[in-house]
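Could you walk me through this structure, with an eye to its salt bridges, helices and internal spaces? A friendly tour would be welcome.

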Amino acid sequence: MFPVCDVIPSRAKPVATIALIASTVGAFIYESHLLDQELRTLIRRCGVVPAEFNWPAIVCGLFLHISWLHVGANALGLWLFGCNIEDVLGRGRFLIFYLACGGAAALAYVAGQSLSDVPLVGSSGAVAGLVGAYLVLYPGSRVHTAFAILALDLIEVPAAFYVGLWFIVQLFSGARALSPDAAQGTLVLGPDVVGFVTGALCGLYFRFRTPALREYWGPNSR
């Protein structure tokens, strides 16, 4: 059972979404070739460390991940939910929105763990923002899913199902915070919730500020 795409057609090629996915996966491939100590140093320098906070880390940390499950879940979330948000906002505003959701999540981590020296990495907060906006803009959407038992077939599954699945994967992906002395991540869900709420509020703004969005796609559209 593997999601392929949602049922809402993109009106333009999702260049920004594809670029973000390529950059995220490319960064992880680079990480995978580093020695353990080199990786810890990179995460320490580029991750969001509340006790040593610096603004550039908010952007740099979005592209670092700690496992294939972690980066895979976020890349899949970007693909499923980012394309249509990019349609709504346009490429430039979409990138700003993505960084804003990730930034809100990182700042929530800094505020809640102000004395911590544990780096926060990953695009989970930014993707959570996309998920929040998507659910507000297209609450009845469905996802084309490749389903194989005896033969390969495509079925439609409610998008909300994959939202829940995405959050569950975050629980088992080593989460987002990584101690420089630990082999595995530490569970940090608070920033994701902040990213989700930020995205949902922005989605509400766009939905009610732009009436045409309410007519672009509905649950009975094909």
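Arg142 has a relative accessible area of 17%, so it counts as buried, the cut-off being under 20%. In this predicted model, its side chain meets that of Glu156 in a salt bridge, at 2.6 Å from N to O. The pair links distant parts of the chain, with Arg142 in strand S2 (residues 142–148) and Glu156 in strand S3 (residues 152–158), 14 residues apart. Glu156, at 30% relative accessibility, counts as partly exposed.

The count of salt bridges comes to three, so let us visit the others too. Arg91 and Glu86 form one of them, with their closest N and O atoms 3.9 Å apart. Here the acid is the buried partner: Glu86 has 5% relative accessibility, whereas Arg91 is partly exposed at 44%. Another salt bridge brings together the side chains of Glu52 and Arg44, 3.3 Å from N to O. Glu52 is partly exposed at 47% relative accessibility, and Arg44 is partly exposed as well, at 23%.

Now step back to the whole chain. The protein has nine helices and five strands, and along the sequence they follow the pattern β-α-α-α-α-α-α-β-β-α-β-β-α-α. Of its 222 residues, 46% count as buried.

Helix H5 makes a nice check on geometry. It has 22 residues, from 91 to 112, and at 1.5 Å a residue these should span 32 Å; the C-alpha atoms at its ends are 32 Å apart, which agrees. Among the buried residues of H5 are Phe94, Phe97, Tyr98, Cys101, Ala105 and Tyr109. It helps to recall that an α-helix has 3.6 residues a turn, so residues three or four places apart point the same way.

Phe97 turns up again when we look at the internal spaces. A search of the whole structure finds two cavities of 30 Å³ or more, and the second largest has a volume of about 40 Å³. Phe97 is one of its lining residues, along with Ile85, Val88, Leu89, Ala133, Leu137, Gly199, Cys202, Gly203 and Phe206. Helix H4 (68–89), helix H6 (124–137) and H8 each give two or more residues to this lining. The largest share, four residues, comes from H8.

Helix H8 (residues 190–209) also holds Leu204, which takes us from the cavity to the surface. Leu204 is partly exposed, with a relative accessible area of 38%. Together with Val193, Val197, Leu201 and Phe208, Leu204 makes a nonpolar surface patch of about 470 Å².

H4 has a part in an open space as well. The second largest pocket has a volume of about 220 Å³. Its lining counts 15 residues, and Pro3, Ala73, Leu76, Leu165 and Val169 lie nearest its centre. Strand S1 (2–6), H4 and helix H7 (159–172) each contribute two or more residues to that lining, and H4 gives the most, with eight.

One last stop is helix H1 (residues 15–32), where Gly26 lies. Gly26 is partly exposed, with a relative accessible area of 34%. Its C-alpha atom is separated by 9.8 Å from that of Leu64, a residue 38 places away along the chain.

Notes:
Residues numbered from 1 in each chain as written. Predicted model: local features only at pLDDT ≥ 70, side-chain atom pairs only at ≥ 80, totals over all residues. Heavy atoms only, no water. Expected span 1.5 Å × (residues − 1). Buried < 20%, exposed > 50% of the residue type's maximum accessible area, 1.4 Å probe, protein only. Patch = residues over 30% accessible without salt bridge, like charges linked within 9 Å, V, L, I, M, F, W, Y side chains within 5 Å. Areas by Shrake-Rupley, 256 points an atom, 1.4 Å probe, with all protein chains shown as cover. Salt bridge = Lys/Arg side-chain N within 4 Å of Asp/Glu carboxyl O. 1 Å grid on protein atoms, 1.4 Å probe; cavity = no way out; pocket = protein on both sides within 12 Å on 5 of 7 lines; lining within 4 Å. Points joined across faces, edges and corners; volume = space filled by probe spheres on them.
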